[in-house]
Amino acid sequence: MKRFRVFEPASAAGASDEARFVRDGFSFWAFLIPALWLLWNRLFLAAIAVFALQVLIGWQGRAEGFLVAEFALSLLLGLLVALEGPSLRAWKLRRQGWRETAALLASDPAEAELRYYAAMERDGAGETRTLSATDVASLANLAAERALIQQARASSDPT
């Protein structure tokens, strides 16, 4: 299960069709091609900074004995963008006036949309509920505990 953060435009009173779902977590493509991933997600200043760092690392790597350092720094830069890129996307949306209305667990973006809109219908379209990271973690722990209880019941069942 992946964690998705849901952002609504400031003008929307409740769940709207304009909601944006940002997956929180490691991004494989951001690790492989960090500058292009940032450009694709319209994070232009970060893309320029990462590209400049990549050029600087590559230029320094040409010096004698810095080949291993060049490789390690390139990997670390890719890892940084892969881990923090989704947070940069969320920060950009908040800066543009979007508000974070929910955080939920789902296996893919389509399931995240289904869960979000179903919860909005169930709880009332005008009321959005924000789940903090601790709420999401406690829900995940509750689901894990339920699974363990069901597993224990299944293993103790004599039939």
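## Report on a predicted model: helices, salt bridges and a pocket

In helix 5, L114, E121 and R122 are exposed, and they lie on the other side of the helix from a group of buried residues, namely A112, Y116, A119 and M120. Those buried residues cover an arc of only 100° around the axis, which places them on the same side of helix 5. The structure described here is a predicted model.

### Overall arrangement

The chain has 159 residues, of which 30% count as buried. Its secondary structure amounts to six helices and three strands. Read from the N terminus, these elements follow the order β-β-α-α-α-α-β-α-α.

### Helix 5 and helix 3

Helix 5 covers residues 109-123. With 15 residues at 1.5 Å a residue, helix 5 should span 21 Å, and the 21 Å between its end C-alpha atoms agrees with this. Its division into a buried and an exposed side may be read against a general rule. An α-helix has 3.6 residues a turn, so residues three or four places apart point the same way.

Helix 3 covers residues 44-61 and can be treated in the same manner. Its 18 residues, at 1.5 Å each, should span 26 Å; the end C-alpha atoms are 25 Å apart, which agrees. Which residues of helix 3 are buried? They are A47, V50, I57, G58 and G61. Because these residues cover an arc of only 95° around the axis, they fall on the same side of helix 3. L45, I48 and W59 are exposed on the other side of helix 3.

G58, one of the buried residues of helix 3, can also be related to a residue of helix 4. L73 is found in helix 4, and its C-alpha atom is 9.5 Å from that of G58, the two residues being 15 apart in sequence. L73 counts as partly exposed, with a relative accessibility of 43%.

### Salt bridges

Side chains of opposite charge can pair when their charged atoms come close. Across the whole structure, a search finds six salt bridges. Three of them are set out below, including the separation of the closest N and O atoms.

| Pair | N to O distance |
|---|---|
| R3 and D24 | 2.6 Å |
| E100 and R5 | 3.1 Å |
| E111 and R115 | 2.8 Å |

R3 forms its salt bridge with D24, and this pair links distant parts of the chain: R3 belongs to strand 1 (residues 2-8) and D24 to strand 2, 21 residues apart. D24 is partly exposed, its relative accessible area being 23%.

The side chain of E100 meets that of R5 in a salt bridge. E100 lies in strand 3 (residues 99-106) and R5 in strand 1, so this pair ties together parts that are 95 residues apart in sequence. How do the two partners stand in terms of exposure? At a relative accessible area of 24%, E100 is partly exposed, whereas R5 counts as buried at 11%. The value for R5 falls under the 20% cut-off for a buried residue.

The salt bridge between E111 and R115 lies within helix 5, where its partners are four residues apart and therefore separated by about one helical turn. R115 is partly exposed, with a relative accessible area of 40%. Elsewhere, R3, R5, D24, R94 and E100 are joined into one network by salt bridges that share partners.

### The second largest pocket

The second largest pocket has a volume of about 210 Å³. Which residues line it? The lining is made up of R20, F21, V22, N41, R42, R89, K92, L93 and Q96. Strand 2 (20-24) and helix 4 (67-95) are the elements that give two or more residues to this lining. By type, the lining residues divide into three nonpolar, two polar and four charged. Strand 2 thus appears in two of the settings described: it contributes to the pocket lining, and it holds D24 of the salt bridge with R3.

R42, one of the lining residues, is placed in the loop between helix 2 (34-40) and helix 3. Most residues other than glycine have a negative phi. In R42, by contrast, phi is near 60°, a positive value in a residue other than glycine. R42 is exposed, with a relative accessible area of 54%.

How values were computed:
Residues are numbered from 1 along each chain as its sequence is written. This is a predicted model: local features need pLDDT of at least 70, side-chain atom pairs count only at pLDDT 80 or more; totals for chains, interfaces and linings use all residues. Side-chain values use heavy atoms; hydrogens and water are left out. On a 1 Å grid over the protein atoms alone, a cavity is a set of points where a 1.4 Å probe fits but cannot get out, and a pocket is an open set with protein on both sides within 12 Å along at least five of seven lines; lining residues have an atom within 4 Å of a point. Grid points are joined across faces, edges and corners, and a volume is the space filled by probe spheres set on the points. Ala, Val, Leu, Ile, Met, Phe, Trp, Tyr, Cys and Pro count as nonpolar, Asp, Glu, Lys and Arg as charged, and the others, Gly among them, as polar. A salt bridge is a side-chain nitrogen of Lys or Arg within 4 Å of a carboxyl oxygen of Asp or Glu. Buried means under 20% relative accessible area, exposed over 50%, partly exposed in between (1.4 Å probe, protein chains only). The expected span of a helix is 1.5 Å times one less than its number of residues. The arc is that of the directions from the helix axis to the C-beta atoms.
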